[in-house]
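Q: Please take a close look at one helix packing here. Then go through some single residues, one at a time.

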Amino acid sequence: MVNFNTNYNISPIYSTITGKTTAAQKSKQPVINQGSAQDVFQKSAVAGQQDITGIQQSSPVSSTWNNKRIEAIYDKTYEAVMAQNPITQELNIKKPALNFKNPDEKEEDTIASYRTGMGEIAVYAGNFLANDIYLCKFTDENNEPVDIKISTREDIDKYLQNPSEYKLTTDKLTDSEKELYISSIFAHELRHCIQKHLIASTDGCKDEYKKELEDYKKTLEELTSLKKELAEAKGEPYVSSDDDEDLKKLNYGLNYKPKKIFDRNMTFKYSLLPSDNRYWSVNDHLHALSSKKKEDYDNNYYSDPLEIDAYNYEREFMLTQADAYPAANLRKEIVNDMFIATSLNVSDADFPFIEQNV
C-alpha cells in the first residue's frame, strides 16, 4: 500500500499547505504560467482500493515530444485510471478521444480539457508540451516556499524581466518527470470524465444533465444557423467550423445509455487512501452544488466540487504512479514539489463531505 508521506518524505501538506488559498494569497503569488492549474471544465454541454496499475515509462524516449508520444502517455494513463476507479466497471464509458487543438486556440493556462458530453479531451499542447518545462520554486527572504509552478523557459524569461521580491529557482524536468507530469494532467481530465458519467447514471441528476446538453445543442444550432445566414447574405460559401463538429460530437452525451441507474443517494469516494472516509454525494455535490458554483465560475473555480475532486485525484495519482518508474529516473524532491504544486489547487479543508466507514 502506498504511503504518500513516508514514501516520498513529504511534509503533511494535507493539513497545512493545502488549506484553502484565498484570493488575497493568490494575489501575492508571482505571476508566471501556472501549467495545469487552470484546466477548463467546459459546461458544453468506489469505495475500496484496488491494486494500482503502474504506468511505466514509455519506452525508450526520444527528444521529440510530438502528438504520437503524448497519445502513448495518455493510453497508459487511461488504463491506470480505470484500474484505480473500480466504479468505472459499472459505467458505460467510451474511452475519450484526444483532440489536439490548434495551439493558437489555447486559452489562458489551459493544457487539456475534458469536454462534457462529447467524449473527448481537447489538448492545447502548443509549445508547452513540445518544449522543455521547468519546476519553478519561489521562496521568501527566509527561504520558505511561497509558490511552486510548472513553466516553460519562455515564461521564466518573461518573469525575470520584471521579477518580484521572491527568489526563483528552476529545475528542468527530465523526460520521466515530464511524462509523469503530463500523465497526471490526463488523470485529472479522466476524473472529470468519471464524474460526468456518474452524474449521467444517477437518479435525480441524470435528466438535468441531459437537459443541459440539449440546451447547449440548441445554442450551437442557433449559432451555426446564424453563420450560414451571414455567409449567404455576403454571397459566400458557408465554411463549417468547430461548432458543426461539436454538434456531431454531442450525440455521445445526448444518446448516452447508463449501464446501471444509481440511486439518488449514490456516493463517490474522494480519496484513494483507504483511511480517508470522505465521500461525495453525486447528486448534491458533484451535480447540484457544482452547477451553482459555475454561475460565478471565475470566483468559484477552486471551490467547485468537481475541481476539488479532480485536483486531489491528480496529486494522488502522481504519487501512486511514481512508484512505477525506475528509481533513478525520478528525483524525489521534484516529485515532492510537483505534488505540492498541484496541492495548492485543492480547497477541501472546509468542505462538508459525507463521512462513511465502510
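A: The helix pair comes first, then single residues, then the cysteines.

This is a predicted model, so local features need pLDDT of at least 70, side-chain atom pairs count only at pLDDT 80 or more, and totals for chains, interfaces and linings use all residues. Residues are numbered from 1 along each chain as its sequence is written, and side-chain values use heavy atoms, with hydrogens and water left out.

Start with helix H6 (residues 175–199) and helix H10 (residues 282–293). Helices are DSSP runs of H or I with at least four residues, strands are runs of E with at least two, and both are numbered from the N terminus. The axes of H6 and H10 are 10 Å apart, and the packing angle is about 115 degrees. Axes are lines fitted to C-alpha atoms, for helices over the stretch in contact, and angles run from 0 to 180 degrees between N-to-C directions. H6 is therefore roughly perpendicular to H10; that class covers 65 to 115 degrees, with under 35 roughly parallel, over 145 roughly antiparallel and the rest oblique.

The crossing of H6 past H10 is left-handed, meaning that the near helix is turned anticlockwise from the far one by less than a right angle; clockwise would be right-handed. H6 brings Gln195, Leu198 and Ile199 to the contact, and H10 brings Val282, Leu286 and His287. Contact means heavy atoms within 4.5 Å. Of the residues in this contact, four are nonpolar, two are polar and none is charged. Ala, Val, Leu, Ile, Met, Phe, Trp, Tyr, Cys and Pro count as nonpolar, Asp, Glu, Lys and Arg as charged, and the others, Gly among them, as polar.

Next, Met318. It is found in helix H12 (residues 305–322). Met318 is buried, at 0% relative accessible area. Buried means under 20%, exposed over 50%, and partly exposed in between (1.4 Å probe, protein chains only). Ser184 is 134 residues away from Met318 along the chain, yet their C-alpha atoms are separated by 5.5 Å. Leaving out residues up to four places away in sequence, Met318 touches Leu180, Ser184, Val335, Met338, Phe339 and Thr342.

Asp243 sits in helix H8 (residues 242–249). Asp243 is also buried, at 14%. Beyond neighbours within four places in sequence, Asp243 contacts Leu220, Leu223, Thr224 and Lys227.

Last, the cysteines. The structure holds zero disulfides, a disulfide being a pair of cysteine sulfur atoms within 2.5 Å. Cys136 is buried at 0%. Cys205 is buried at 0%.
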